[in-house]
Every structure is written in structure tokens, then in C-alpha cells.
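Here are my notes on the model you passed along, written as numbered points. Have the structure open while you read.

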Amino acid sequence: MNVIWRTLLVILQARRRVRRDGTLGPTDVGTVRLTTLPTDIDILRHMNNGRYLSLFDLGRWDLLIRTGLFDSMKQRGWYAVVSSETVTFRKSLELWQRFDVESRMIGHDDKAVFLEHRAVVDGEVYARVIVRARMLRRSGGTVSHEELFAAVGRPEGIPDIEEWIHDWAAAVALPPTKAPAPSTWN
């Protein structure tokens, strides 16, 4: 609920942009303009590190709607979940600072889709996150890439994912949901 009003506003704006400008291609960069609000700030008077991930969600909503993927997913009873993400911070966003969330699909592997989000001020990257997301069915189970691409088309022109992203995804993976995952510390 912490960013529900912003989410609703981004969804409405994205729908308006689709009507006005048409849909984005699968490799296009979506941009959402935001302002750092008092509710985003921590005790050190800059944007809280956890808030970046919540605000990058807004970039994903914009991208899902503006590419037309959200409507296709909704019709089929599918939804996306983040399975892992990694964020790198470069500069702090301050109170009332305007910035853009730039979002783009950067590729896929055999199980997931990868996206990149950036917090950008005047063309300069302040933070970046790489997201690995899976497609699930509301009725249960996962959506295969064959089904996904049959429904929405296979995106063309996406560059290969950088090797470190594959390595990272493998290194941080937890066991599947039906396998044991005991909390033991070494």
C-alpha cells in the first residue's frame, strides 16, 4: 500500500500514453517522471534504499501497460512475480528531487524475463536494478516461454544478457518452492 496512489497514477498515465502515442516495442525504454517525496526519505535525509525497489515497480507497471503485455497477461490469467533482483546505488536522491525511472526488457533465459531499471537525473544514472521475473498462472503453475511468446510475440532485437547476469541469477537462486529450504547458517 505504500505506493498505491502512485501506482494507480502511473497506470492511468500509461494507458493515456498508449492511446496518444501507441504501444512501445518490446526493446524500447519506458520512462516515468517522479519526485522524491517526504515518505521516500529516511533518517539520513535521502531516499531510503528500500524505496528504490518500490519505485522501480512503477517503471515495470508503465512498461507492462505501454508494451501491451499487461492486457495479454490479464486475458490469460497470468501475472509476473519478481524472483530476484540486485540493485546498485551511485548517488543519493534528495527530498523533492525530480528523476526519471527508465525501464527496459534486457532479455530472457529458459525460465525468466530480465529487466533493467535506472533512476536517472539529467541523463546521469543514480541507481540501477536488474530484475529477474517469472510468469505465473492465477490457476497455479508457471507460464512457459513458448506460451508467453506465442501469445505476445517473441521480442526481436534484444541483445544477449551479459554473462555476469546469468552468473548472478544462478548464484542467488533458492530451491524450488516444493523442495526443502531449511534456514541453516554456516
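1. A quick definition before anything else: a residue is called buried when its relative accessible area is under 20%, exposed when that is over 50%, and partly exposed in between. Keep in mind, too, that this is a predicted model.

2. Let's start with the fold. How many helices and strands does the chain have? There are five of each, five helices and five strands. Walking along the sequence, you meet them in the pattern α-β-α-α-β-β-β-β-α-α. The chain's radius of gyration is 17 Å, close to the 16 Å that the globule rule gives for 186 residues, so the chain is as compact as a globular protein of that length.

3. On overall dimensions, the C-alpha trace spans about 55 × 45 × 30 Å along its principal axes. Of the 186 residues, 38% are buried. If you take the contacts between residues at least 6 apart in sequence, 72% of them join residues at least 24 apart.

4. Now the surface and the charges. The accessible surface of the chain adds up to about 11200 Å², and carbon and sulfur atoms account for 53% of that. Side chains carrying charge come to 26 positive and 23 negative, with the centres of the two sets 7 Å apart.

5. Helix α5 is worth a look. It covers residues 163–172, and its buried residues are Ile165, Trp168 and Ala169. Looking down the axis of α5, you find these buried residues within an arc of 100°, so they line one face of the helix. The spacing fits a general rule: an α-helix has 3.6 residues a turn, so residues three or four places apart point the same way.

6. What sits on each side of α5? The face turned away from the buried side carries the exposed residues Glu163, Ala170 and Ala171. The cover over the buried residues of α5 includes the strands β2 (78–89), β3 (98–108), β4 (113–121) and β5 (124–137).

7. Two backbone angles caught my eye. Most residues other than glycine have a negative phi. Arg45, however, has a phi near 70°, a positive value in a residue other than glycine. Where is Arg45 found? Arg45 is in the loop between β1 (30–35) and α2 (49–66), and its 64% relative accessibility makes it count as exposed.

8. The other one is Trp96, whose phi is likewise positive, near 70°. Trp96 belongs to the loop between β2 and β3. Is Trp96 buried or exposed? With 52% relative accessibility, Trp96 counts as exposed, given that the cut-off is over 50%.

9. Next, Ser139, which you'll find in the loop between β5 and α4 (145–152). Ser139 has 71% relative accessibility, so it counts as exposed. Along the chain Ser139 and Trp78 are 61 residues apart, and their C-alpha atoms are separated by 8.6 Å.

10. Finally, go to helix α1 (residues 4–21), where Ile4 is found. Ile4 has a relative accessibility of 29%, so it counts as partly exposed. Ile4 and Arg132 are 128 residues apart along the chain, and 22 Å separates their C-alpha atoms.

Note on methods. Residues numbered from 1 in each chain as written. Predicted model: local features only at pLDDT ≥ 70, side-chain atom pairs only at ≥ 80, totals over all residues. Heavy atoms only, no water. Helix = DSSP H or I, 4+ residues; strand = E, 2+ residues; numbered from the N terminus. Rg over C-alpha atoms; globule rule 2.2 N^0.38 Å. Buried < 20%, exposed > 50% of the residue type's maximum accessible area, 1.4 Å probe, protein only. Contact = heavy atoms within 4.5 Å. Areas by Shrake-Rupley, 256 points an atom, 1.4 Å probe, with all protein chains shown as cover. Lys, Arg positive; Asp, Glu negative; His and termini not counted. Charge placed at Lys NZ, Arg CZ, Asp CG, Glu CD. Arc of directions from axis to C-beta.
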